[in-house]
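The following exercises are to be worked with the sequence and the coordinates at hand. Each task is followed by a solution in steps.

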Amino acid sequence: PASETLRKIDRSIPLLLKRFQVTEAIKDALGRCEFSVSVADPQLPDCPLIVVSEGFEKVTGYCLVDVMGLNCRFLNEGCDLDGPTITALRRSSQSGEHFVGVLQNRRSTGECFMNLLDLQGLLVARDRARGGKLVMFLVGIQADVTASMDGDMQVTEGHREILADVANQLRKALAKELQKLAISAAGELGTDVKGTWELLPEPIWMDDIGSLADSANPIEKEAEAPRPNKALWSRSVAAAVGSSMLVLTLAL
């Protein structure tokens, strides 16, 4: 069940954060932050959230029953997003590529906070009912960095780099569990996962698509297929995902 996988992820996050604290600078940066996880399903209209971690509930004040089925743009209603950030979010939403940035968000109480968002598509399966199209979920690793803001309401450059790196490490360390979580949650919401989906042996982040060309080719399994060109392979994967890339518009 998704709830069991979610509890495992919630238990893993503080353990992983402790493991990452190898320098005093990292300890200082992490000591004031709460990390959380959210998963959205771009197979559904408007890419709604389908599961969020306990940390997400603590930081935002919204529990899963409040947000399930909603696009996460509700977090930045009435908040200020600059042009470059909007452009980067749109690009990430259209392609599933990696986005990382600090956004102003709003808690359920109306209070604003600063959210470090690491956002990326995770390929988890092929959908046989849709001609073998790749199934992607959008995974967000968030951290409340409000306490790390300086007098100009900016995250110090050193802390920003550390926190972004830690979020990236968390995302990669939890990839397999996130695959299980996304698939379980989608199945519980009515998707015929067992009947039509062929799970990938290993989940693949969109910024790691090039590694498919160097692997045993878990996506294309023709025994005698020639080794694909990386650039052409990346484009073919993006095409295979197709319309599923319209994800998390975030009030754009």
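**Exercises on a predicted model**

Leaving aside its neighbours within four places in sequence, T196 is in contact with R126, D127, R128 and A129. The model in which these contacts occur is predicted.

**Exercise 1. The chain as a whole**

Task: State how many helices and strands the protein chain has, and what share of its residues is buried.

Solution.
- Step 1. The secondary structure consists of nine helices and six strands.
- Step 2. The protein chain has 252 residues, and 49% of them are buried.
- Step 3. Among contacts with a separation of 6 or more, 64% are between residues 24 or more positions apart.
- Step 4. The exposed area of the protein chain is about 11,900 Å², of which carbon and sulfur atoms supply 53%.

**Exercise 2. Two helices and their lengths**

Task: Determine whether the end-to-end distances of α1 and α7 agree or disagree with the expected spans.

Solution.
- Step 1. The expected span is 1.5 Å times one less than the number of residues.
- Step 2. Helix α1 covers residues 2-20, which is 19 residues, so a span of 27 Å is expected; its end C-alpha atoms are 26 Å apart, in agreement.
- Step 3. Helix α7 covers residues 175-188, which is 14 residues, so a span of 20 Å is expected; the distance between its end C-alpha atoms is 20 Å, in agreement.
- Step 4. The path of α1 nevertheless has a kink of about 25° at S12, shortly before the proline P14.
- Step 5. The buried residues of α1 are A2, T5, L6, I9, S12, I13, L16, L17 and F20, so the kinked residue S12 meets the cut-off of under 20% relative accessible area.
- Step 6. In α7, the buried residues include L178, L181, A182, I183 and A186. After α7 comes G190, with a positive phi near 110°.

**Exercise 3. The strand pairs around β4**

Task: Identify which strands are joined to β4 by bridges, and state how many residues of β4 are buried.

Solution.
- Step 1. Strand β3 (residues 99-106) runs antiparallel to β4 (residues 112-127), with eight bridges between them. Within this pair, Q104 stands opposite M114, and L103 has N115 as its bridge partner.
- Step 2. The hairpin of β3 and β4 has five residues between the strands, and G110 there takes a positive phi near 95°.
- Step 3. Strand β5 (residues 133-144) is also antiparallel to β4, through twelve bridges. Here N115 stands opposite D144.
- Step 4. β4 and β5 likewise form a hairpin with five residues between them, and G131 in the turn has a positive phi of about 70°.
- Step 5. Five bridges join β4 to β6, again in antiparallel fashion. In this pair, L122 has W205 as its bridge partner.
- Step 6. Of the 16 residues of β4, 15 are buried, so the strand is largely enclosed by the rest of the structure.
- Step 7. L123 is a residue of β4; its relative accessible area is 0%, so L123 counts as buried. The C-alpha atoms of L123 and M206 are separated by 7.1 Å, although these residues are 83 residues apart along the chain.

**Exercise 4. The passage from α8 to β6**

Task: For T196 and W197, decide whether each is buried or exposed, and list what each touches.

Solution.
- Step 1. T196 lies in helix α8 (residues 193-196), whereas W197 lies in strand β6 (residues 197-205).
- Step 2. A residue is buried if its relative accessible area is under 20%. T196, at 17%, is therefore buried, and W197, at 7%, is therefore buried as well.
- Step 3. A polar atom of the T196 side chain lies 2.8 Å from the backbone oxygen of D192. Beyond four places in sequence, T196 contacts R126, D127, R128 and A129.
- Step 4. With the same exclusion of residues up to four places away, W197 touches A125, R126, D127, R128, V135, F137, I183, A186, T191 and D192.
- Step 5. W197 and A129 are 68 residues apart in sequence, and their C-alpha atoms are 7.8 Å apart in space.
- Step 6. Two of the residues touched by W197, I183 and A186, are buried residues of α7.

Notes. Residues numbered from 1 in each chain as written. Predicted model: local features only at pLDDT ≥ 70, side-chain atom pairs only at ≥ 80, totals over all residues. Heavy atoms only, no water. Helix = DSSP H or I, 4+ residues; strand = E, 2+ residues; numbered from the N terminus. Buried < 20%, exposed > 50% of the residue type's maximum accessible area, 1.4 Å probe, protein only. Polar contact = N/O pair within 3.5 Å; in protein donor to acceptor, adjacent residues only side chain to side chain. Contact = heavy atoms within 4.5 Å. Bend = angle between axes of the 7 residues up to and from the residue. Areas by Shrake-Rupley, 256 points an atom, 1.4 Å probe, with all protein chains shown as cover. Pairing = 2+ DSSP bridges.
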